Amino acid sequence: MGAVFTSMPLAGRIFLGGWDFEGAGAIGCVCLIAGVYFHIVSRRFPAIPDYASILERAAEHSAAGRDRQAVILLTEAIRLDPQLWQAYQYRGELHLRHPDPQAALADFHEAIRLAPREAHLYTLRGWAHEALGNEAAAREDHERAATLAAQPTISIEP
């Protein structure tokens with residue numbers, strides 16, 4: 001936009017022989033400087049990653065049968081934010097679906113470390129223990145999931 005305003009007086013002089021709007025050059029210079037400034041600022045600060053969209057894209061890949069790409073996306077989400085327990089959960093579910101219960105167990109364990117009050121994580125880890133043949137650990141996780149599920153949620157009344 002700055003270039004357009006700046007070129008108008010010059011184009012007017014060349015094609016029309018004159019330009020009646022005296023402030024066009026100054027407005028053009030201000031717009032050009034503002035445009036350059038905003039361009040530099042936008043390059044300087046990288047965009048904040050949107051974890052929800054990464055998880056959604058991973059789910060889309062998984063639904064389309066591209067589980068390998070989904071695991072890659074979830075691993076990238078974990079690299080960007082190691083506190084994102086949902087990424088560990090989803091990646092563990094993919095590992096559990098493609099018989100790699102040891103990797104699933106590691107992911108569920110990390111998800112539980114980050115979100116110990118999520119009952120469904122214990123159920124998932126119990127399934128991983130069952131796949132590895134560790135019935136005692138599976139039973140313990142299922143009991144913990146049932147205990148957490150039965151506990152009332154905290155509500156704040158006005």
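**Notebook: the nonpolar core and helix 4**

Entry 1. I looked up the largest nonpolar core of this predicted model and found 23 residues in it, of which Leu74, Trp85, Ala87 and Leu121 touch the most other members. I then listed the elements that give two or more residues to this core: helix 3 (51-63), helix 4 (67-80), helix 5 (85-97), helix 6 (101-114), helix 7 (119-131) and helix 8 (135-150). Helix 4 supplies the largest share, six residues.

Entry 2. I examined the surroundings of leucine 121. With neighbours within four places in sequence left aside, I find leucine 121 in contact with Trp85, Gln89, Ala111, Ile112 and Ala115. I also noted another core, apart from the largest one, which has five residues, among them Ala104, Phe108, Leu124 and Ala128.

Entry 3. I turned to helix 4 and checked its length. Its 14 residues should span 20 Å at 1.5 Å a residue, and I find the end C-alpha atoms 20 Å apart, so the two values agree.

Entry 4. I asked which residues of helix 4 are buried. They are Asp67, Ala70, Val71, Leu73, Leu74, Ala77 and Ile78. Because these residues cover an arc of only 165 degrees around the axis, I place them on the same side of helix 4. On the other side of helix 4, I recorded Arg68 and Arg79 as exposed.

Entry 5. I looked up what covers the buried residues of helix 4, and the cover includes helix 3 and helix 5. For context, I note that nonpolar side chains tend to be buried together in soluble globular proteins.

Key. Residues numbered from 1 in each chain as written. Predicted model: local features only at pLDDT ≥ 70, side-chain atom pairs only at ≥ 80, totals over all residues. Heavy atoms only, no water. Core = buried A, V, L, I, M, F, W, Y, C linked by side-chain atoms within 4.5 Å. Buried < 20%, exposed > 50% of the residue type's maximum accessible area, 1.4 Å probe, protein only. Helix = DSSP H or I, 4+ residues; strand = E, 2+ residues; numbered from the N terminus. Contact = heavy atoms within 4.5 Å. Expected span 1.5 Å × (residues − 1). Arc of directions from axis to C-beta.
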